[in-house]
There are 2 protein chains.
Amino acid sequence: MEFRNQKAIYLQIADYICEGILSGEYQEGERLPSVRDFASQVEVNVNTVTRSFDYLQQKNVAVSRRGLGLFVATGAREAVYEMHREEFFSEHLPEIFRQMQTLGISMDEIQSKLKDFTNN
Amino acid sequence: MEFRNQKAIYLQIADYICEGILSGEYQEGERLPSVRDFASQVEVNVNTVTRSFDYLQQKNVAVSRRGLGLFVATGAREAVYEMHREEFFSEHLPEIFRQMQTLGISMDEIQSKLKDFTNN
DNA sequence: TGCAGTGTAATATCTAACTATGACACTATG
DNA sequence: CATAGTGTCATAGTTAGATATTACACTGCA
């Protein structure tokens, strides 16, 4: 897993898990990999994954059961969907629009790039 | 000036200045506000602005003259333009496309939001 | 020359994020 | 009951970013 500098690693891991939930890779009620498995898999410290897990619980996306593991919460998929949609439209997209204005990039250009993107 | 958590403040200040250069607010060869002016204006420490200035010099966007101030470098506008365009197409846009896929957002929806954006 | 306004440098403190490591409590299973 | 695999807690150390403060070197100008 490759990380970006801008965003905290534990948040990127949480995002990664959320995408797994959206895609259906992780079903509601299903157990997620253990902190230690995750840590070695993405080559990160256990504490960092623990922080991701804490974050997911705080957002009602996951529930931990001591001695058992971390499980996808019921209603998690819808919760994640709403959260990400909200963030997308209120934060990411406006920023993209701003940059398009500043850089003089047209919607046609975006359309063209989208074709390239979906073909690769 | 409002800052985001995700990105370092000194980089956001640098971005702000770069946008001023792109928009023509700051012409090439023109002097930028002093570190102390900037610091009090955006309510940030002098050291943070200094870091922004260092960054801009490192990117060949500005040149400092001791005792005089920081000046927009010749060719800065084109340099900033290329840098931001590159970043936009290789990093921001692909991320947006990924999220569109994950969240099931169509290009029509984006078009519609763009209209809202440009009208406000 | 003196002074105010420049960038710059040095030092110290604080916080968030990440790492390293060890330990503890709980659960299922043999 | 013992053990392996869970989450969790505690401690300590590192780094980047931001702050606070003081001081220095340079420049233009009165």
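Trainee: Leaving aside its neighbours within four places in sequence, which residues is T102(B) in contact with?
Mentor: This is a predicted model, and T102(B) lies in helix α4 of chain B. T102(B) has a relative accessible area of 33%, which makes it partly exposed. Once its neighbours within four places in sequence are left aside, its contacts are E19(A) and L22(A).

Trainee: Which residues are linked with E19(A) in a network of salt bridges?
Mentor: One pair in chain B comes first: the side chains of R98(B) and E95(B) meet in a salt bridge, 2.6 Å from N to O. The network of salt bridges takes in both of these residues, so that E19(A) is linked with E95(B) and R98(B).

Trainee: How many residues apart are R98(B) and E95(B)?
Mentor: R98(B) is partly exposed at a relative accessible area of 29%, and E95(B) is partly exposed at 22%. Both lie in helix α4 of chain B, and their spacing is about one turn of the helix. Counted along the chain, the separation is three residues.

Trainee: Is Q99(A) buried or exposed?
Mentor: Q99(A) is found in helix α4 of chain A. Leaving aside neighbours within four places in sequence, Q99(A) is in contact with F88(B) and H92(B). Its relative accessibility is 16%, and the cut-off for this class is under 20%, so Q99(A) counts as buried.

Trainee: How many residues of chain B are in contact with chain A?
Mentor: The contacts can be counted from either side. Chain A contributes 32 residues, and the number in chain B is 32.

Trainee: What area is buried between chain A and chain B?
Mentor: The size of an interface is often given as the accessible area lost when the parts come together. Here carbon and sulfur atoms give 69% of that area. The area buried between chain A and chain B is about 3,300 Å².

Trainee: How many salt bridges does the rule find across the interface of chain A and chain B?
Mentor: A search of the whole structure, over all chains, finds eight salt bridges. One that crosses is R85(A) with E109(B), where the closest N and O atoms are 2.6 Å apart. Across the interface of chain A and chain B, the number found is four.

Trainee: Which helix of chain A gives the most to the side that touches chain B?
Mentor: Helices α1 (9-23), α4 (76-103) and α5 (107-119) of chain A each supply at least two residues of that side. The top contribution is 18 residues, and it comes from α4(A).

Trainee: On that side of chain A, how many residues are charged?
Mentor: The residues of the side of chain A that touches chain B divide into three classes. There are 15 nonpolar and nine polar residues, and the charged ones number eight.

Trainee: How far apart are the closest N and O atoms of E109(A) and R85(B)?
Mentor: The pair crosses between chains, from helix α5 of chain A to helix α4 of chain B. E109(A) is partly exposed at 24% relative accessible area, whereas R85(B) is buried at 18%. The two form a salt bridge, and their closest N and O atoms are apart by 2.5 Å.

Trainee: Which residue forms a salt bridge with K7(B)?
Mentor: K7(B) is partly exposed, with a relative accessible area of 29%. Its partner counts as partly exposed at 22% relative accessibility. The closest N and O atoms of the pair are 2.8 Å apart, and the partner is D15(B).

Trainee: How many residues does the largest nonpolar core have?
Mentor: In soluble globular proteins, nonpolar side chains tend to be buried together. In this core, the residues with the most contacts inside it are F88(A), I110(A), I17(B) and F88(B). Leaving aside neighbours within four places in sequence, I110(A) is in contact with residues including M100(A), I105(A), F88(B) and L93(B). The number of residues in the largest nonpolar core is 68.

Trainee: What is the phi of E43(B)?
Mentor: Most residues other than glycine have a negative phi. E43(B) is found in the loop between α2 (35-41) and α3 (46-58) of chain B, and it counts as exposed at 72% relative accessibility. Although E43(B) is not a glycine, its phi is positive, at about 55°.

Trainee: What is the phi of N60(B)?
Mentor: N60(B) is found in the loop between α3 and β1 (62-65) of chain B. N60(B) is exposed, with a relative accessible area of 56%. It is not a glycine, yet its phi is positive, at about 60°.

Technical notes: Residues are numbered from 1 along each chain as its sequence is written. Chains are lettered from A and ligands numbered from 1 in the order in which they are written. This is a predicted model: local features need pLDDT of at least 70, side-chain atom pairs count only at pLDDT 80 or more; totals for chains, interfaces and linings use all residues. Side-chain values use heavy atoms; hydrogens and water are left out. A nonpolar core is a set of buried Ala, Val, Leu, Ile, Met, Phe, Trp, Tyr and Cys residues joined through side-chain atoms within 4.5 Å. Buried means under 20% relative accessible area, exposed over 50%, partly exposed in between (1.4 Å probe, protein chains only). Contact means heavy atoms within 4.5 Å. Buried area is the accessible area (1.4 Å probe) that two parts lose on being put together, summed over both. Helices (H or I, at least four residues) and strands (E, at least two) are DSSP runs, numbered from the N terminus. Ala, Val, Leu, Ile, Met, Phe, Trp, Tyr, Cys and Pro count as nonpolar, Asp, Glu, Lys and Arg as charged, and the others, Gly among them, as polar.
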